[in-house]
Each structure stands twice: as structure tokens, then as C-alpha cells.
Amino acid sequence: MSELLVDFITSLDGYASGEGWPGFWGLEGPEYLAWLGEQPEATYLMGANTYRLMSGFAAGEVPSGQDEFRPEEEASVDELTQASKVVFSSSLEEPLTWANSTLVRDDAVEAVRAMKSSGSGLLSTIGSLSLCRSLLRAGLVDRFRVVMFPVITGATGEERIYDGYPDVALEMTEHRTFDGRIQLVEYKPRVLEHPPLAVPA
């Protein structure tokens with residue numbers, strides 16, 4: 001059975017991106033980049049908006065506010081291009097132009113449920129906030145990982161991650177600090193029907 005990882009990089013105040021900021025908020029360091037390079041092979045799951053954005057980067061479109069990609073950003077996009085990707089969308093048309101991408105028009109929750117039961121590798125989301133929220137609500141997420149960068153983007157932050165989420169209990173399974181400033185936390189999530197009556201001691 002496959003394992004499903006929801007994987008976010010965020011500002012401290014929970015935004016997935018910020019207008020005018022470079023990738024990784026310009027704060028990635030050698031320890032963090034080395035760790036990224038050590039991650040196991042995965043099939044990446046995404047929605048149409050993330051596909052349009054990332055495939056555009058792969059085709060050479062530079063994010064607004066930048067003149068060119070930094071080497072770290074180019075390497076990240078190149079690795080995604082080589083990876084297997086499943087795109088859930090009713091608006092995109094085949095064939096998808098980004099290499100190694102498969103379009104799925106079926107209900108994402110049911111499709112991922114089937115992928116989990118019939119597969120054996122790692123499934124990982126990239127971006128795709130509404131997809132991640134739906135998969136979490138459905139109880140399909142095995143691991144919930146957040147890498148927080150030391151910046152608050154109160155004025156320029158875009159894509160608030162946790163809006164619309166259910167209440168979720170999180171059991172920490174891993175934590176780590178990279179380059180003395182970037183914080184990783186990883187949890188096993190459990191969706192709650194209501195707040196717990198008592199907080200564990």
C-alpha cells in the first residue's frame with residue numbers, strides 16, 4: 001500500500017508564497033538543499049493551478065519580480081520535470097505538455113484512495129491547497145510535513161494554507177532545524193469530529 005505525504009513549505013504565518021519573494025523566500029541553505037536532494041522518489045499529486053504554474057516554470061517562465069531563476073530554483077524544477085506527476089483537473093486538456101505528467105479527470109479523493117490501495121511507493125502532494133485539504137478531510141493522509149521559513153509575509157503573503165481545514169490532531173513523528181533557521185515538523189494527522197474534551201497531560 002502506498003503512503004501519502006502532504007508536504008508544504010510555508011512562511012511562519014502559514015502562507016505558501018508571497019508576492020515579490022523568490023522561491024524558498026530566498027532563505028534556503030546548504031543543509032536544507034542537501035536534505036531535499038536525499039528525498040526518496042515519489043509520484044507527485046497536484047491540481048490544475050499548481051500544474052499551470054510549475055509547468056510554466058519548467059518551460060522557462062520566470063516568477064514575477066525576478067529576472068531569472070536562481071540555480072537552486074532551476075534544480076528544483078528540473079527534478080520535478082523528471083518525476084512522475086498525476087494532475088487532477090476537469091479543465092486541462094490532453095496531452096499535457098510537461099514531461100511525465102498524467103491527467104486524471106475522476107474524483108481526486110477516490111482516485112488517490114485507489115492509488116494508495118494498489119500501489120507501493122510514496123505519493124506526495126506539491127502545492128495544491130484545495131487538493132490537500134480534500135485528501136486530509138477524507139482521512140487519506142499518512143504524513144503531514146511542513147517546512148517553515150523564518151519570515152512573516154503579513155503584507156505580501158499569498159495562498160493561506162489552513163483556511164477551510166477541519167480540526168486536526170497532530171502526533172509529531174519528526175522535527176529538525178536546517179542551517180540554523182529553517183524548521184521542519186512532521187506529524188501523523190487525525191481529523192477530529194469535534195475538539196477533544198480534555199487536553200493530554
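**Close-up 1. A salt bridge inside one helix of this predicted model.** Glu-110 pairs up with Arg-113 in a salt bridge, their closest N and O atoms sitting 3.5 Å apart. Both residues belong to helix α4, 3 residues apart, which is about one turn of the helix. As for solvent, Glu-110 comes out partly exposed at 44% relative accessible area, and Arg-113 is partly exposed too, at 35%.

**Close-up 2. Glu-93 and Arg-105, a salt bridge between two loops.** Here the closest N and O atoms are 3.6 Å apart. Glu-93 sits in the loop between β4 and β5, while Arg-105 sits in the loop between β5 and α4 (108-118), so the pair ties together parts that are 12 residues apart in sequence. Glu-93 counts as exposed because its relative accessibility is 58%, over the 50% mark. Arg-105 is partly exposed, with 42%.

**Close-up 3. Glu-3 and Arg-143, a salt bridge between strands.** The structure holds 8 salt bridges, and in this one the closest N and O atoms are 3.1 Å apart. It links distant parts of the chain: Glu-3 is in strand β1 and Arg-143 in strand β7, 140 residues apart. Glu-3 is partly exposed at 33% relative accessibility; Arg-143, at 19%, is buried. Zoom out a bit and the two turn up in a salt-bridge network that also takes in Asp-7, Arg-145 and Glu-186.

**Close-up 4. Asp-179, a buried acid with no salt bridge.** Look for Asp-179 in the loop between β9 and β10. Its relative accessible area is 17%, so it falls under the 20% limit for buried. The nearest side chain of opposite charge is that of Arg-181, 5.1 Å away, and that is too far for a salt bridge because the cut-off is 4 Å. What Asp-179 does have is a backbone nitrogen close at hand: that of Gly-29 lies 3.5 Å from a polar atom of the Asp-179 side chain. Arg-181 is in the loop between β9 and β10 as well, and is partly exposed at 36%. Its C-alpha is 9.2 Å from that of Glu-28, although Arg-181 and Glu-28 are 153 residues apart in sequence.

**Close-up 5. Backbone oddities, including a cis peptide bond.** Most residues other than glycine have a negative phi, and most peptide bonds are trans. The bond from Glu-94 to Pro-95 is cis, with omega near 0 degrees, and Pro-95 lies in the loop between β4 (84-88) and β5 (101-104). Asn-100 is in the loop between β4 and β5 and has a positive phi, near 65 degrees. Asn-100 is partly exposed, with 42% relative accessibility. Asp-179 has a positive phi as well, about 55 degrees, without being a glycine.

**Close-up 6. Ser-128 and a backbone oxygen.** Ser-128 is found in the loop between β6 (122-125) and α5 (129-137). It is buried at 9% relative accessible area, and its side chain reaches the backbone oxygen of Ile-126 at 3.0 Å.

**Close-up 7. The second largest pocket.** This pocket has a volume of about 160 Å³. Of its 14 lining residues, Phe-144, Val-146, Tyr-162, Leu-170 and Tyr-187 are the closest to the centre. Strands β1 (3-11), β7 (143-149), β9 (168-178) and β10 (182-191) each supply at least two lining residues, with β7 giving the most, 3 residues. The lining is made up of 11 nonpolar and 3 polar residues, and no charged ones.

Notes:
Residues are numbered from 1 along each chain as its sequence is written. This is a predicted model: local features need pLDDT of at least 70, side-chain atom pairs count only at pLDDT 80 or more; totals for chains, interfaces and linings use all residues. Side-chain values use heavy atoms; hydrogens and water are left out. On a 1 Å grid over the protein atoms alone, a cavity is a set of points where a 1.4 Å probe fits but cannot get out, and a pocket is an open set with protein on both sides within 12 Å along at least five of seven lines; lining residues have an atom within 4 Å of a point. Grid points are joined across faces, edges and corners, and a volume is the space filled by probe spheres set on the points. Helices (H or I, at least four residues) and strands (E, at least two) are DSSP runs, numbered from the N terminus. Ala, Val, Leu, Ile, Met, Phe, Trp, Tyr, Cys and Pro count as nonpolar, Asp, Glu, Lys and Arg as charged, and the others, Gly among them, as polar. Buried means under 20% relative accessible area, exposed over 50%, partly exposed in between (1.4 Å probe, protein chains only). Lys and Arg count as positive and Asp and Glu as negative; His and the chain ends are not counted. A polar contact is a pair of N or O atoms within 3.5 Å; within protein, one must be able to donate a hydrogen and the other to accept it, and residues adjacent in sequence count only if both atoms are side-chain atoms.
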